[in-house]
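This report covers one buried position and its contacts, then the helices and the sheet of the model. The sequence and structure are shown first.

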Amino acid sequence: MTLAAQTPVNFIITRDRKVAEPFYRDTLGLPFVHDDGFAAVFDLAGVPLRITEVPGHTPPAHPVLGWQVADIVATVTSLRDHGVVFTIYDGMDQDELGIWTAPDGKAKVAFFNDPDGNALSLTQA
């Protein structure tokens, strides 16, 4: 038996689901599927995303979820219009939108946080 053909499930941990849910639903535009009493479940391009509350959650320093996008400038601009603030890291040489371009020019990445401080990213490659 292998898990290669099975549907993955993604998890985001939050301290407060009532704050996280509107961010993922309204700000990021993810379709809400249902609340099963343990998590708010969203459709992440056909894959379940469970927003689960854990009191005292401390977000990790690294991204926990990211999206591959066709047009990073358009996506960043749209998300900024919805109130998302993109993270500018010291020494990373990002542009005014917060987009970093890889030295070979093939990939562009932007970072932002959800209300709990979980790091999220966008990548255009």
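Leaving aside residues up to four places away in sequence, Val84 touches Phe23, Thr27, Leu28, Leu79 and Phe112. The model is a predicted one. Val84 belongs to the loop that runs between α2 (72-81) and β6 (99-101). Its relative accessibility is 6%, and therefore Val84 counts as buried, the cut-off being under 20%. One of its contacts, Phe23, is 61 residues away along the chain, while the C-alpha atoms of Val84 and Phe23 are separated by 9.3 Å.

Two of these contact residues, Phe23 and Thr27, are also among the buried residues of helix α1 (residues 17-27). The full set of buried residues in α1 is Arg17, Ala20, Glu21, Phe23, Tyr24 and Thr27.

Leu79, another contact of Val84, is one of the buried residues of α2, together with Ile72 and Val76. These buried residues lie on the same side of α2, because the arc they cover around the axis is only 70°. What do the buried residues of α2 pack against? Their partners are α1, β6, β7 (108-113) and β8 (119-124).

Both helices have an N-terminal cap formed by an aspartate side chain, and each is followed by a glycine with positive phi. The table lists the values.

| Helix | N-terminal cap | Backbone nitrogen of | Distance from side-chain oxygen | Glycine after the helix | Phi |
|---|---|---|---|---|---|
| α1 | Asp16 | Lys18 | 3.0 Å | Gly29 | positive, near 80° |
| α2 | Asp71 | Val73 | 3.2 Å | Gly83 | positive, near 95° |

The remaining topic is a sheet. Strands of a sheet pair through backbone hydrogen bonds, in either the parallel or the antiparallel sense. Here 4 strands make up an open sheet with mixed pairing, and their order is β1-β4-β3-β2. Which strands form the edges? They are β1 (10-14) and β2 (32-35), each of which pairs on one side only. On average, neighbouring strands of this sheet are turned by 25° against each other, with direction ignored.

Within the sheet, β3 (residues 39-44) and β4 (residues 47-53) are paired in the antiparallel sense, over 6 bridges. In this pair, Leu44 stands opposite Val47 of β4.

Key:
Residues are numbered from 1 along each chain as its sequence is written. Side-chain values use heavy atoms; hydrogens and water are left out. Two strands pair if DSSP finds at least two bridges between them. Helices (H or I, at least four residues) and strands (E, at least two) are DSSP runs, numbered from the N terminus. Axes are lines fitted to C-alpha atoms, for helices over the stretch in contact, and angles run from 0 to 180 degrees between N-to-C directions. Buried means under 20% relative accessible area, exposed over 50%, partly exposed in between (1.4 Å probe, protein chains only). A polar contact is a pair of N or O atoms within 3.5 Å; within protein, one must be able to donate a hydrogen and the other to accept it, and residues adjacent in sequence count only if both atoms are side-chain atoms. Contact means heavy atoms within 4.5 Å. The arc is that of the directions from the helix axis to the C-beta atoms.
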